[in-house]
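Trainee: I have just opened this one and would love a guided look. Could we go through it together, step by step?

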Amino acid sequence: MSITAWKYDSCCFFDHDYGSREAANYSVLGQYIVFGDLSAKFRVMCFGGSTTSTLQGSRWVQLLSECLKREGYDVCLLNGGCGGHNSWHEMNKLIRDVGSFKPSLVISFSGINDAAAHTDPNNTYINTKGLQEIVNNAGLFTGVV
């Protein structure tokens, strides 16, 4: 993936270019690859780094969507995975977008980029507390599993 496939994101510093040639093969809404019908009763937002990013070859969100559809579930999965994102980026994207998408469930497939990040407590751009604690304290959801 070339550097031109990235765009500046004032919330997360960078994200994929969802107008790119790679993204043209998918249904796109803002900074999300959409699997399923947006009018579905159950919406799932998926976050993570390159291990979740459809545009970087990760297929687990698409495969989950296909499996749920095959089983008869009315669900839409919104893949917001972006290479290099850690839980700090995900938290910012979640806070910015959860009110618009009103997901029934959020899946964060994270950890690799957090483990690799510098964890200097004076660096406010790195989340040293962990996504689960922040989401719990934000009061956005009834629970985190």
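**Salt bridges, sheet and helices**

Mentor: Happily! This is a predicted model, and the count of salt bridges comes to two.

Trainee: Which residue forms a salt bridge with K93?

Mentor: Look for a pair whose closest N and O atoms are 2.7 Å apart. K93 lies in helix α2 and its partner in strand β2 (residues 15-16), so the pair ties together parts that are 78 residues apart in sequence. The partner of K93 is D15.

Trainee: Are K93 and D15 buried or exposed?

Mentor: The cut-off helps here: a residue counts as buried under 20% relative accessible area and as exposed over 50%. By that rule, both K93 and D15 are buried.

Trainee: Then what about the salt bridge of D97 and R96: is D97 buried or exposed?

Mentor: The side chains of D97 and R96 meet at 2.8 Å, N to O. R96 has a relative accessible area of 33%, so R96 is partly exposed. D97 has a value of 9%, which is under the 20% limit, and therefore D97 is buried.

Trainee: Let me step back to the whole chain. How many helices and strands are there?

Mentor: You can read the elements from the N terminus on as β-β-β-β-β-α-β-α-β-α-α. Counting the two kinds of element gives four helices and seven strands.

Trainee: In what order do the five strands of the open sheet lie?

Mentor: Start from the edges, where each strand pairs on one side only: these are β3 (27-29) and β7 (105-109). The pairing within the sheet is mixed. From one edge to the other, the order is β3-β4-β6-β5-β7.

Trainee: How many bridges join β5 to β7?

Mentor: Strand β5 covers residues 42-48 and runs parallel to β7. One place to look is G48, which stands opposite F109 in β7. The number of bridges joining β5 to β7 is five.

Trainee: Which strands does helix α2 touch?

Mentor: Helix α1 (residues 60-70) packs on the sheet and touches β4 (32-35), β5, β6 (75-79) and β7. Helix α2 (residues 87-101) packs on the sheet too, its direction making about 165 degrees with that of β5. The strands touched by α2 are β3, β4, β5, β6 and β7.

Trainee: One last thing: what share of the 145 residues is buried?

Mentor: For the outside, the protein chain exposes about 8200 Å², with carbon and sulfur atoms supplying 54% of it. As for the buried residues, their share is 41%.

Notes:
Residues are numbered from 1 along each chain as its sequence is written. This is a predicted model: local features need pLDDT of at least 70, side-chain atom pairs count only at pLDDT 80 or more; totals for chains, interfaces and linings use all residues. Side-chain values use heavy atoms; hydrogens and water are left out. Two strands pair if DSSP finds at least two bridges between them. Contact means heavy atoms within 4.5 Å. Axes are lines fitted to C-alpha atoms, for helices over the stretch in contact, and angles run from 0 to 180 degrees between N-to-C directions. Buried means under 20% relative accessible area, exposed over 50%, partly exposed in between (1.4 Å probe, protein chains only). Accessible areas come from the Shrake-Rupley method with a 1.4 Å probe; for residues, only the protein chains shown count as cover. A salt bridge is a side-chain nitrogen of Lys or Arg within 4 Å of a carboxyl oxygen of Asp or Glu.
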